[in-house]
Structures are given as C-alpha cells and as structure tokens.
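This report describes selected secondary-structure elements and their packing. The sequence and the structure are shown below.

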Amino acid sequence: MSTENIYILGIESSCDDTSASVICNGKVLSNVVANQEVHAKYGGVVPELASRAHQQNIVPVVQQAIEQAGITKHNLNAIAFTRGPGLMGSLLVGTSFAKSLALGLNIPLIDVNHMQAHILAHFIDEKGSKIPPFPFVCLTISGGHTQIVKITNHFEMEILGETIDDAVGEAFDKSAKILGLPYPGGPLIDKYAQLGNPKAFKFTKPKVGNLEFSFSGLKTGILYFVQRNVKENPNFIKENLNDICASIQYTIIEILMDKLKNTVKQTGIKHIAIAGGVSANSEIRKRLTLAEKHWGWTTYIPKFEYTTDNAAMISIAGYLKFLNNDYSDISVTAKARLKVTE
Ligand code: KG4
Ligand code: ZN
C-alpha cells in the first residue's frame with residue numbers, strides 16, 4: 001500500500017456559500033466557508049447577487065484554504081468542484097475556476113455531484129466519528145432536497161423516496177418568513193423552539209406515500225393559522241414565538257422520523273445517516289440519537305460544519321473519485337439539475 005499523501009482541493013459554489021477545502025488522505029486540513037450576507041434582506045437567495053459574490057470570494061477563499069492546510073498549490077494532486085445541482089450562475093464560477101486551476105497546475109479535474117457529496121461527508125476521516133457500512137440509508141434534508149437514499153457503495157445510490165413538492169429546508173424557511181424572521185429561518189426556528197412547548201399548537205401531517213414527503217400543505221396550514229390568530233390578537237406572534245416555533249419544528253421532525261421508521265421497516269436496514277443543511281437541526285439530531293437506544297438503529301450524524309454547504313464534502317467526494325481514477329474531461333459543464341444518482 002502506498003504511503004503517499006494525496007491532497008485534494010475541493011471547491012463549492014452551488015448556492016450562496018463560497019467554500020474551499022483541502023483534505024489529505026481523507027482528513028480535513030482546511031474548510032473555509034464565506035457566507036453571503038447580501039441575501040438576508042431579500043428573504044431568500046438572489047441568484048444574480050450570489051454569482052457576483054462568488055466571483056469576489058473565490059480567489060481569497062481558495063487561497064485561505066491552501067494556506068490553512070499548510071501546503072502550497074504545487075502539493076495538490078487534483079481539483080474537485082461542484083458540478084451541480086444548484087444555481088447556474090453560481091455553479092459557473094466554481095466550475096470555471098476549478099478548470100483553470102487544474103489546467104494551470106496540470107493536475108486532474110474531478111466533478112462532484114453536490115447531493116452525493118452531502119452523503120459522502122460521512123466518509124471524512126475524523127476522530128470520534130463513525131463511518132457507515134454498506135448498505136446504509138441516508139435522509140438528505142436541505143434547502144432544495146428531501147430524499148431517502150440507499151447507498152450500496154460510495155457512488156452507487158438509489159432514491160427510495162423524496163418530496164413531491166417543497167423541501168424540508170423550505171418548510172423551515174417559509175414558516176420562518178411567515179413569522180417575520182429573516183432568511184434563512186431554519187436555524188432561528190431551531191433556536192426559539194428550544195424555549196417553547198412543542199405540543200402548544202397542533203399542525204396536520206400530510207397524507208402521502210410511505211416514503212414520500214410533502215410540505216406545501218403544512219406551509220399553507222401554518223400561514224392560515226398565523227393569519228387567523230393575528231387577526232384576533234395583533235401581538236400573537238410576539239407573545240407565542242417560542243411555542244409556535246417548537247410546534248412547527250415538532251411537526252416537521254415527526255414527519256421525518258415517521259418516514260425513517262417506514263424505511264427501516266421496508267428495507268430492514270438499520271444503519272441510518274442524515275445529511276444536508278437541516279441535519280444541523282438540534283431536534284432531529286436528538287431524536288436520532290434516541291433511536292439508537294429505543295429502536296436499535298445505528299445512526300450517523302455529521303459534525304455541524306459538514307451539514308450546511310461546505311467544500312470539505314466536495315473534497316472527500318473528490319478524494320474517493322481520485323482513488324477510482326475517475327477524472328473529468330476539461331470540457332465538463334455545470335449542470336443546474338442533477339439527480340443524486342447521476
Ligand atoms: O444544505 P444546505 O446548506 O443548502 C442546500 O443545499 O439547500 O441547506 C440549507 C437549509 C436551509 O433551508 C436552512 O434553513 C436549513 O438548511 N437549516 C436548518 C438548520 N440549519 C440550517 N433547518 C433547521 N434547523 C437548523 N438548525
Ligand atoms: Zn447543500
């Protein structure tokens with residue numbers, strides 16, 4: 001076995017975070033993320049502003065990632081980048097930059113599927129974290145996706161179920177918007193929910209297929225509930241914010257846990273991972289930890305920094321592809337729509 005150090009630079013620019021990371025043999029040496037504050041006042045990501053901010057951030061972010069890793073760009077073995085899915089203007093910045101750097105350094109270029117990378121973050125070699133064995137199931141919950149994926153091998157994935165409308169992150173963010181909270185509202189709902197009563201208000205869970213999700217009805221239900229109550233008491237939101245957030249979060253997490261229970265029943269697989277931005281949620285993390293004790297599952301919960309969009313997950317996916325000699329041609333193009341199985 002070779003003892004050579006393999007350094008991979010990963011670049012992520014699919015949405016509103018510009019990120020770069022260097023990993024060595026699966027261990028993270030740096031993971032720099034520049035968030036884009038510019039979107040908060042618009043209540044959501046503005047694609048045109050996102051690509052402009054990526055243009056401004058990409059050079060300093062990559063430079064910082066290489067410096068923090070304690071190497072120079074000449075030590076790099078390959079450049080991995082997010083090909084999609086995501087916002088086209090954002091993806092183009094990372095894609096073009098990665099191509100130029102790989103050409104300039106004369107090293108392999110590796111395209112990475114962002115959704116696969118969220119899942120593959122579980123293979124980062126990190127003290128104290130468990131690596132899931134194959135096959136395992138991953139609940140990928142982000143601002144754009146809600147999927148149950150069966151992983152048979154690093155790059156062999158099958159979607160067992162997904163949302164038929166909104167993603168779970170959207171359910172959090174849109175609920176937060178209804179409550180007058182800034183974007184992204186998911187982390188704020190989580191924060192206020194910790195001080196509230198999850199049973200204070202009851203919201204209806206959707207009736208869809210066993211492994212399917214739907215969040216658009218819940219969002220409408222929350223909107224009508226808030227409008228009705230504000231009409232009677234203009235201070236309703238202010239006076240009940242913690243309880244409303246706790247009740248919304250409780251309903252969403254119940255839906256997710258129900259689906260995971262159905263998945264275990266249907267597949268017999270008890271190795272359950274979560275991935276994506278919403279896996280930062282404290283309640284889903286708590287409930288999954290309890291599931292180990294109560295239901296005999298083995299659960300895999302990513303470290304916080306690998307939940308929301310980050311380049312370490314792109315680097316690890318790139319490293320796994322590098323080991324397979326799975327490189328990209330320089331003519332590769334960004335793809336706004338890309339399934340986790342592609
Ligand atoms: O994976 P991600 O960073 O970007 C996408 O690929 O979409 O996920 C972002 C989503 C947002 O909807 C955000 O509100 C949500 O993750 N999120 C959370 C929490 N932290 C981030 N939702 C609930 N609780 C949290 N603590
Ligand atoms: Zn993501």
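In this predicted model, helix α6 comprises 17 residues (216-232), which at 1.5 Å a residue should span 24 Å; the C-alpha atoms at its ends lie 25 Å apart, in agreement with that expectation. The buried residues of α6 are L218, I222, F225, V226 and N229. Viewed down the helix axis, these buried residues fall within an arc of 95°, so they line one face of α6. An α-helix has 3.6 residues a turn, so residues three or four places apart point the same way. On the face of α6 turned away from the buried side are the exposed residues R228 and K231. The cover over the buried residues of α6 includes α4 (168-178) and α7.

Helix α7 also takes part in the packing against a sheet: this helix lies across β6, β7, β8 and β9. That sheet is open and consists of five strands in the order β8-β7-β6-β9-β10, with mixed pairing. Its edge strands, β8 (156-162) and β10 (298-300), each pair on one side only. From one strand to the next, the twist averages 25°.

Strand β9 (residues 271-275) pairs with β10 in the parallel sense over three bridges. Within this pair, I272 stands opposite T299 in β10. Helix α8 lies across both β9 and β10.

The two helices that lie across strands of the sheet are listed below with their angles.

| Helix | Residues | Strands crossed | Angle |
|---|---|---|---|
| α7 | 236-267 | β6, β7, β8, β9 | about 160° to β6 |
| α8 | 282-295 | β9, β10 | about 155° to β10 |

Note on methods: Residues numbered from 1 in each chain as written. Chains lettered and ligands numbered in written order. Predicted model: local features only at pLDDT ≥ 70, side-chain atom pairs only at ≥ 80, totals over all residues. Heavy atoms only, no water. Pairing = 2+ DSSP bridges. Helix = DSSP H or I, 4+ residues; strand = E, 2+ residues; numbered from the N terminus. Axes fitted to C-alpha atoms, helices over the stretch in contact; angles between N-to-C directions. Contact = heavy atoms within 4.5 Å. Expected span 1.5 Å × (residues − 1). Buried < 20%, exposed > 50% of the residue type's maximum accessible area, 1.4 Å probe, protein only. Arc of directions from axis to C-beta.
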